[in-house]
Amino acid sequence: MTRARVVPLPHLHRVAIAVLLRGGPRYEGPTESGLTHFLEHMLFRGAGPHATARDLLSAFEALGDEPDAYTCDDALGLVVDVEPRRLEDALALIERVLLAPRYRDLETEREVILEERLALVDEHGRPTDPDDVSRAEGQGA
């Protein structure tokens, strides 16, 4: 299902575009665990005519700002702020990111994600974030 919400705020000088895709741990089984987070990282490795991560980020910055992406329990989010006059260009670029990604440097991004995970556990491998601790306890870990 596709939903779009437009909230006009004419007194502001920027447009925030947020795309949320259903995903994350809530929808991943044991064999897919971490897939949404990995896809989040791969979003900016290139798309369509923007062959490299640098090309893609330059294209976003030319529209107004560097994009942000995140993964939560039930979604993968992509957010970018642009000037209102660049809205159509930004939507076209987001479309390329989502429909024509270039999955480059898989091993490099895998290492980045592993480093992120290590930053979230103590020397015994236990989660240090209170939300992760409560989640693990709820799963009988």
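In this predicted model, H37 sits in helix 1. The side chain of H37 makes a polar contact of 3.1 Å with the side chain of H41, and a polar contact of 3.0 Å links the side chains of H37 and E116. E116 appears again when the wider surroundings of H37 are examined: once neighbours within four places in sequence are set aside, H37 is in contact with T71, I113 and E116.

T71 also serves as a reference point for P30, a residue of the loop between strand 1 (15-22) and helix 1 (35-42). P30 and T71 are separated by 41 residues in sequence, and their C-alpha atoms lie 17 Å apart in space. Is P30 buried or exposed? With a relative accessible area of 83%, P30 counts as exposed, because the threshold for that class is over 50%.

Attention can now turn to the interior. The largest nonpolar core holds 18 residues, and the members that touch the most others are I17, F44, L56, F60, I94 and V97. At least two residues of this core come from each of strand 1, helix 2 (53-63), strand 3 (75-82) and helix 3 (87-99). L56 offers a convenient place to look into these surroundings. Not counting residues up to four places away in sequence, L56 touches L43, F44, G46, A47, H50, L93 and V97. Two of the residues in that list, F44 and V97, are also named with L56 among the core members that touch the most others.

The view can then be widened to the whole protein chain, which contains 5 helices and 3 strands. Followed along the sequence, these elements give the pattern β-α-α-β-β-α-α-α. The C-alpha trace spans about 50 × 35 × 30 Å along its principal axes. Among contacts with a separation of 6 or more, 68% are between residues 24 or more positions apart.

Burial and surface round out the picture. Of the 141 residues in the protein chain, 26% count as buried. The accessible surface of the chain amounts to about 9,800 Å², and carbon and sulfur atoms contribute 53% of that surface. As for charge, the protein chain carries 16 positive and 27 negative side chains. The centres of these two sets lie 6 Å apart.

Terms used:
Residues numbered from 1 in each chain as written. Predicted model: local features only at pLDDT ≥ 70, side-chain atom pairs only at ≥ 80, totals over all residues. Heavy atoms only, no water. Helix = DSSP H or I, 4+ residues; strand = E, 2+ residues; numbered from the N terminus. Buried < 20%, exposed > 50% of the residue type's maximum accessible area, 1.4 Å probe, protein only. Polar contact = N/O pair within 3.5 Å; in protein donor to acceptor, adjacent residues only side chain to side chain. Contact = heavy atoms within 4.5 Å. Core = buried A, V, L, I, M, F, W, Y, C linked by side-chain atoms within 4.5 Å. Areas by Shrake-Rupley, 256 points an atom, 1.4 Å probe, with all protein chains shown as cover. Lys, Arg positive; Asp, Glu negative; His and termini not counted. Charge placed at Lys NZ, Arg CZ, Asp CG, Glu CD.
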